Amino acid sequence: MKKHYELKVAGLTRNLPIIQVADDLAIASFVLLGDAEMTTVAASEIVKRLPENIDFLVTAEAKGIPLLQELARIKGFKSYIVARKSVKSYMESPLEASVFSITTQKEQTLYLDGHDVELIKDKKVAIIDDVISTGESLQALVNLVEKAGAKVVVKAAILAEGDAAKREDIVFLEELPLFPL
Ligand SMILES: O=P(O)(O)OC[C@H]1O[C@H](OP(=O)(O)OP(=O)(O)O)[C@H](O)[C@@H]1O
């Protein structure tokens, strides 16, 4: 099996290590955290594909966070919303939704702080992540945002992995293949 996959995004090239995540599956590991150059360039491309009428940007921790920071900076937003993977002591009446992610290969729960629920209620929201693969994380975010009374106007990512690249309801910059074993 090849050890790396060459990914090109908006003029940048990354050699992603191919790692086994299950008996029958390997994936090309795209870790946005720490890649300041990719974060900046990808955000400048994604922002062109977002509708104008967005009130809030929403992601799940962790790897989507720097992307939202940069998107918020470009859009001139003073804040953005991060769904967490554990309940924090400072959260008030958190909403929750479960998710099975391809990289972690187990069920996780996403939590939205009640303060954020109040912020996005009746607002137009863009859900954004670094990668959409099975779509479980995205769906959990959609469930959270809709439970909070907000409207999802766009779902976007840098990469669509595997079958996600065939989806017509998401915006993305590049495809990322899966590597069945
Ligand atoms: O479409 P899915 O199959 O749900 O996969 C995509 C999700 O998986 C990755 O997160 P990960 O679970 O690796 O968590 P992390 O960002 O906290 O590392 C990625 O950042 C997406 O959030």
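Visitor: What is the bridge partner of A26 in β11?
Guide: The bridge partner of A26 in β11 is F179. This is a predicted model. A26 itself lies in strand β3, residues 25–28.

Visitor: What makes β3 and β11 a pair?
Guide: Two strands pair if there are at least two bridges between them. β3 and β11 have three bridges, in the antiparallel sense. So the pair meets the cut-off.

Visitor: Why is A26 called buried?
Guide: Buried means under 20% relative accessible area. A26 has 0% relative accessibility, so A26 counts as buried.

Visitor: How far apart are A26 and L181 in sequence and in space?
Guide: They are 155 residues apart in sequence. In space, the C-alpha to C-alpha distance is 6.8 Å.

Visitor: Which sheet holds β3 and β11, and in what order do the strands run?
Guide: An open sheet of four strands, ordered β1-β2-β3-β11. The pairing is antiparallel.

Visitor: What makes β1 and β11 edge strands?
Guide: Each pairs on one side only. β1 spans 4–9 and β11 spans 178–180. Neighbouring strands of this sheet are turned by 30 degrees against each other on average, direction ignored.

Visitor: Which helix packs on this sheet?
Guide: Helix α1, residues 36–46. It touches β1 and β2 (12–22), and its direction makes about 105 degrees with that of β2. Angles of 65 to 115 count as roughly perpendicular, so α1 is roughly perpendicular to β2.

Visitor: How do you know that β1 and β2 pair?
Guide: Six bridges join β1 to β2, and the strands run antiparallel. At least two bridges are needed, so β1 and β2 pair. H4 stands opposite P17 in β2. In their hairpin two residues lie between the strands, and A10 takes a positive phi near 50 degrees.

Visitor: Which side chains of β1 are buried, and which are not?
Guide: Y5, L7 and V9 point to one face and are buried. H4, E6 and K8 point to the other face and are not buried.

Visitor: What is the strand order of the open sheet of five strands?
Guide: The order is β5-β4-β8-β9-β10, with parallel pairing. β5 (81–83) and β10 (171–176) are the edge strands, as each pairs on one side only. The twist averages 25 degrees from one strand to the next.

Visitor: How many bridges join β8 to β9?
Guide: Eight bridges join β8 (residues 124–132) to β9 (residues 151–161), and the strands run parallel. D129 has A157 in β9 as its bridge partner.

Visitor: Which strands does helix α2 touch?
Guide: Helix α2 (residues 65–75) touches β4 (56–60), β5, β8 and β9. Its direction makes about 170 degrees with that of β4. Angles over 145 count as roughly antiparallel, so α2 is roughly antiparallel to β4. Helix α4 (residues 136–147) touches β4, β5, β8 and β9 as well, at about 165 degrees to β8.

Visitor: Why are α1 and α2 called oblique to each other?
Guide: Their axes cross at roughly 55 degrees and come within 9 Å. Roughly parallel means under 35 degrees, and roughly perpendicular starts at 65. The angle falls between those limits, so the two helices are oblique. The crossing is right-handed.

Visitor: Which residues make the contact of α1 with α2?
Guide: From α1 come T39, T40, A42, A43, S44 and I46. From α2 come P66, L67, E70, L71 and I74. By class, seven are nonpolar, three polar and one charged.

Technical notes:
Residues numbered from 1 in each chain as written. Predicted model: local features only at pLDDT ≥ 70, side-chain atom pairs only at ≥ 80, totals over all residues. Heavy atoms only, no water. Buried < 20%, exposed > 50% of the residue type's maximum accessible area, 1.4 Å probe, protein only. Axes fitted to C-alpha atoms, helices over the stretch in contact; angles between N-to-C directions. Contact = heavy atoms within 4.5 Å. Left-handed = near helix turned anticlockwise from the far one by under 90°. Nonpolar A, V, L, I, M, F, W, Y, C, P; charged D, E, K, R; others polar.
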